[in-house]
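Trainee: Could you take me through one part of this model up close? I'd like to hear what sits there and what it touches.

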Amino acid sequence: MRMITALYRLVERTFFHSLLRKILGCMLPIFAMLLVLSAYTLHLARTLSALAAKGALGSPEAQALLARAETLAFAIPALALVLGTGAFITFHLSVALPLRKIATTIQGGDFSRDITLETHDEIRGLADGFNRFAGEIRNILDHSKRLGLSIAVGSTRTTKLASDAASDAQHQGQLSERITRTSQEVAEAVGDVAQVTGRVADSTLENLEAARATRIDLAEAGTGMAATHDRLVDFAELVARLNERSERISDVVRLIEGVAGQTKLLALNASIEAAHAGEAGKGFAVVADEVRKLSESVGEAAEEISHNLGGMLQDVARTSQGIQVLTADFQSTSTTLDRASEHFVKLVGDFEENTAQLTVATSSVKGISDTSAAIHRQAEDIRGLSAVAEERLQESTRFSTEMNRATEKLLELVSRFRTGTGELESVIHRATGWRDTLQARIQLLADRGVNVFDRDYRPVPDTNPQKFLTSYALVFAKELQPLFDEARKDLGSTYAVALDVNGYLAIHHAGVSEPMTGDPKVDLLKSRHQRIYFNVETEKRRSRNTEPFLFQTYMRDTGEILNDLSLPIHIAGKHWGAIVTGFNPDRFLQG
């Protein structure tokens, strides 16, 4: 057989290295046979014609020719069948089989292997061209996968940033709303202040004029007080001189009283002497008596003068004291008035300065009022822009999500073509094997009577994040956790676990299935089992995906951006859930 194959390849390579030669090689034997048949038939016809002309159709020679013709009638179809079969086999081996091999490879979308043909014709050229084309396709598909992954990661980050920006824009809009209300209140308040400031300025101007007039009045009062003080000083000096003169009069009155007493004594002596003289002294006695009366009158007058003068001296003394007190009061009042006048001068100066500053302040407040109004208008513009920005960011988030979905679909479509290269294709292949292993193990548990389709999620009290229990949770913890850990190690993934269609995860990997500590931040990372991961669209889609695989890019609740590969799990012909595996995107972005 090897010799025949080698001989065929030698002949094919030497003589039939093109489709035309192969077709001619298949047709020439038949054509040659037809030529031989035609020539022999022509020979028989001519021989029979000659015999017929001689009237010897019944001769043994004619019978022999007819026997040969009959033999050829049976032999030629058999020979044609043999030649046709050979031509068919040759054509099948050299043309049909290579074309079928090429068609099968193309239809299967398998670009991982080159097409190897033993022919040396155009079909081999077609295969070589396809191999070169497949190489380009492999490069394009690998580049498309990496590019799609890069776009998916970028769109996921963009979605997260756009979502955060939309949230910030919403918060900014709320702040802008408050700022707008506040600026309006400030504008109204500043307007009120401007009005009050204007009224205060007007009132201050009026008070300034009144203060100026009062300052003039105080100056005039100070001048009048000074003049009155001078008059009081002069009057005090006059009272002092009157007091001195009154004291001199008192001395004169005392002198008169002394003279009156001596005169009375002399009159008494004269009366005594007149009595001694008798008749001769009567006239003298009369004179002495008159002198005595006069001296008594003078004494009484002097006493009355002395008494009145004493009272007058007391009044003068009290007047002098009152004038001194009044002078001191006037001096103090004058000093106080001078200080008040000085203070009023300073007050007027301060009033003038304050009035000037108040005028400036009034102008400034008016400017602030205008500025506040402008700020209010700008705040309203900012609020409008924030609302527009929020809408655009929400639209951007929607577009990013749609682009992410389109990229995932592109990756899914591209990954259907096997290139035999690329980390993603290798991971999908190995993950499929682990899916089959987990699916078989869960099926065994179901066959043992474990209710793997239990959807009665019973909340675990006092857990944050909230945990749930099902009838199969403890069985999964015992039976499947070792498989999860082994699959993660083999795949080199962040996680490799099985979720039901509602995202319920009965058990996670060792190290992240620890008892809760009560600290949500710690428990989020270290106690991730018995939870339902069905919050975001990515988690919903991966749990309920029924396609051969679903490759997504999303941001995990821990803040990591991961590539999530999901493959569906079917138990007893029903969709149970999926095996989900998470990978660092850099792993697939590398060449």
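**From the end of a helix to a buried aspartate**

Mentor: Let's start just past helix H6, where Gly449 takes a positive phi of about 105°. Bear in mind that this is a predicted model. H6 itself runs over residues 423-447, so it has 25 residues, and its first and last C-alpha atoms are 36 Å apart, close to the 36 Å expected at 1.5 Å a residue. A good number of its side chains are tucked away: the buried residues of H6 include Leu424, Val427, Ile428, Trp434, Leu438, Ile442 and Leu445. Charged residues turn up in that buried set too, among them Glu425 and Arg435.

Arg441 is another story, since at 28% relative accessibility it counts as partly exposed. Arg441 makes a salt bridge with Glu479, with 3.8 Å between the closest N and O atoms. That pair links distant parts of the chain, because Arg441 belongs to helix H6 and Glu479 to helix H7 (residues 473-479), 38 residues apart. The structure holds six salt bridges.

Now follow the chain on from H6 into the loop that leads to strand S1 (458-460), which is where Arg455 lies. The side chain of Arg455 meets that of Asp500 in a salt bridge, 3.7 Å from N to O. Asp500 lies in strand S3, so this pair ties together parts that are 45 residues apart in sequence. The two partners differ in how much of them shows: Arg455 is partly exposed at 27% relative accessibility, while Asp500 is buried at 0%.

Asp500 is worth a longer stop. Its strand, S3, covers residues 495-500. Besides the salt bridge to Arg455, the Asp500 side chain has a polar contact of 2.5 Å with the side chain of Tyr457. A polar atom of the Asp500 side chain also lies 2.9 Å from the backbone nitrogen of Asn502. Setting aside neighbours within four places in sequence, Asp500 is in contact with Arg455, Tyr457, Tyr472, Ser543, Trp576 and Gly577.

One of those contacts, Ser543, brings us to helix H10, which spans residues 537-543. What does Arg542 pair with? Its side chain meets that of Asp564 in a salt bridge, at 2.8 Å from N to O. This pair also links distant parts of the chain, with Arg542 in helix H10 and Asp564 in strand S7 (residues 561-571), 22 residues apart. Here both partners are buried: Arg542 has 4% relative accessibility, and Asp564 has 0%. Back at the H6 end, salt bridges that share partners join Arg441, Arg448 and Glu479 into one network.

Finally, a few backbone details to check while you have the model open. Gly449 isn't alone in its positive phi: Gln530 has a phi near 55°, a positive value in a residue other than glycine. Gln530 sits in the loop between helix H9 (520-526) and strand S5 (531-532), and at 14% relative accessibility Gln530 is buried. Ala572 likewise has a positive phi near 55° without being a glycine. It's in the loop between S7 and strand S8 (574-583), but Ala572 is exposed, at 62% relative accessibility. There's a cis peptide bond as well, from Asn464 to Pro465, with omega near 5°. Look for Pro465 in the loop between S1 and strand S2 (467-469).

How values were computed: Residues are numbered from 1 along each chain as its sequence is written. This is a predicted model: local features need pLDDT of at least 70, side-chain atom pairs count only at pLDDT 80 or more; totals for chains, interfaces and linings use all residues. Side-chain values use heavy atoms; hydrogens and water are left out. Helices (H or I, at least four residues) and strands (E, at least two) are DSSP runs, numbered from the N terminus. A polar contact is a pair of N or O atoms within 3.5 Å; within protein, one must be able to donate a hydrogen and the other to accept it, and residues adjacent in sequence count only if both atoms are side-chain atoms. Contact means heavy atoms within 4.5 Å. Buried means under 20% relative accessible area, exposed over 50%, partly exposed in between (1.4 Å probe, protein chains only). A salt bridge is a side-chain nitrogen of Lys or Arg within 4 Å of a carboxyl oxygen of Asp or Glu.
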